[in-house]
Amino acid sequence: MTRPPRIAARALILDRDRLLLVNAYPGGTSDLWCAPGGGVEAGQSLADNLAREVHEETGLTVTVGEPVLVNEFHDPASGFHQIEIFFRCRITGGTLAPGWTDPEGIVTERQFFSRSALELGQVRFKPDSLIDAAWGVALRYDPLEVIVR
């Protein structure tokens with residue numbers, strides 16, 4: 001069974017040369033980290049959707065900049081297919097306060113990681129092109145990959 005692809009917007013937020021990632025697996029059911037963001041709602045721009053999602057998941061207010069990565073992944077078993085557009089973002093307010101909770105209960109952890117921690121495999125993350133997108137200068141396309149958990 002196939003269904004239309006889901007569109008999501010994700011934020012690449014660098015602070016002191018560290019990248020903000022979130023873990024969206026309640027109860028620590030996975031050690032996989034990703035950039036904050038999520039599915040877009042019709043009638044809102046990608047930037048507005050992303051700013052809302054980042055605030056919900058992190059408590060931070062951001063300015064959304066240029067897109068730097070288009071990534072696709074899918075789950076052949078369920079037919080799920082997601083297209084993600086990653087944007088450079090800049091923090092304009094808020095902090096990663098210890099008592100913050102995601103109102104939707106999806107994101108359980110938020111943390112900045114150094115490039116070296118990511119490159120050395122100390123953190124499991126997706127998509128594979130995340131490092132190049134976060135610290136690179138060109139728009140990238142990461143073709144369809146199978147979803148992992």
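**Contacts, cores and salt bridges in a predicted model**

Ile147 makes contact with Phe73, His74, Asp75 and Phe80, leaving out residues up to four places away in sequence. This residue sits in the segment after E9 and, with a relative accessibility of 21%, counts as partly exposed. From Asp48, which is 99 residues away along the chain, Ile147 is separated by 26 Å between C-alpha atoms. The model described here is a predicted one, and its confidence values are a helpful place to continue. The chain has a mean pLDDT of 92, and 98% of its residues reach 70 or more. Confidence is lowest in strand E9 (residues 140–146), where the mean is 83, and highest in H2, where it is 98.

The interior can be followed from its largest nonpolar core. This core has 18 residues, and the members that touch the most others are Leu12, Leu19, Leu21, Phe86, Leu118 and Leu130. At least two residues of the core come from each of E2, strand E5 (61–75), H2 and helix H3 (130–135). The biggest contribution is that of H3, which gives five residues. Leu130 illustrates how such a member is placed: apart from residues up to four places away in sequence, Leu130 touches Leu12, Leu19, Leu21, Phe86 and Phe125. A second core, separate from this one, has twelve residues, among them Leu50, Val54, Leu60 and Val62. As background, nonpolar side chains in soluble globular proteins tend to be buried together.

A polar residue is also found out of reach of the surface. Asn71 belongs to strand E5 and counts as buried, because its relative accessibility is 2%, under the 20% limit. Beyond its neighbours within four places in sequence, Asn71 is in contact with Gln82, Ile83, Glu84, Phe86, Pro127, Asp142 and Glu145.

Helix H1 deserves a closer look. H1 covers residues 46–58, and its 13 residues should span 18 Å at 1.5 Å a residue; the end C-alpha atoms are 18 Å apart, in agreement with that expectation. Within H1, the buried residues are Asn49, Leu50, Arg52, Glu53, Val54, Glu56, Glu57 and Thr58. Two of these, Leu50 and Val54, are also members of the second core. The cover over the buried residues of H1 includes strand E1 (6–15), E2, strand E4 (37–39), E5, strand E6 (80–93) and strand E7 (109–114). Just after the helix, Gly59 adopts a positive phi of about 85 degrees.

Charged side chains add a further layer to the picture. In general, side chains of opposite charge can pair when their charged atoms come close. The structure contains ten salt bridges. Some of them form a network that links Glu41, Arg52, Glu53 and Glu56; Arg52, Glu53 and Glu56 are among the buried residues of H1.

Other salt bridges join residues that are partly exposed. Asp31 and Arg124 pair through their side chains, with an N to O distance of 2.7 Å. Asp31 lies in the loop between strand E2 (18–23) and strand E3 (32–33), while Arg124 lies in strand E8 (residues 124–125), so this pair ties together parts that are 93 residues apart in sequence. Both partners are partly exposed, Asp31 with a relative accessible area of 48% and Arg124 with 33%.

Arg115 and Glu119 are also joined by a salt bridge, their closest N and O atoms being 2.9 Å apart. These two residues both lie in helix H2 (residues 115–119), four residues apart, or about one turn of the helix. Arg115 is partly exposed at 31% relative accessible area, and Glu119 is partly exposed at 49%. In the salt bridge between Asp15 and Arg18, the closest N and O atoms are 3.6 Å apart. Here too the partners are partly exposed, with relative accessible areas of 26% for Asp15 and 25% for Arg18.

The cysteines complete the survey. A disulfide is a covalent bond between the sulfur atoms of two cysteines. The model has zero disulfides. For Cys34, the nearest cysteine sulfur is that of Cys89, 14 Å away, and Cys34 is in no disulfide. Cys89 is likewise in no disulfide. The 14 Å separation rules out a bond between the two because a disulfide requires sulfur atoms within 2.5 Å. Cys89 counts as buried, with a relative accessibility of 9%.

Note on methods
Residues numbered from 1 in each chain as written. Predicted model: local features only at pLDDT ≥ 70, side-chain atom pairs only at ≥ 80, totals over all residues. Heavy atoms only, no water. Salt bridge = Lys/Arg side-chain N within 4 Å of Asp/Glu carboxyl O. Buried < 20%, exposed > 50% of the residue type's maximum accessible area, 1.4 Å probe, protein only. pLDDT = per-residue confidence, 0-100. Core = buried A, V, L, I, M, F, W, Y, C linked by side-chain atoms within 4.5 Å. Contact = heavy atoms within 4.5 Å. Expected span 1.5 Å × (residues − 1).
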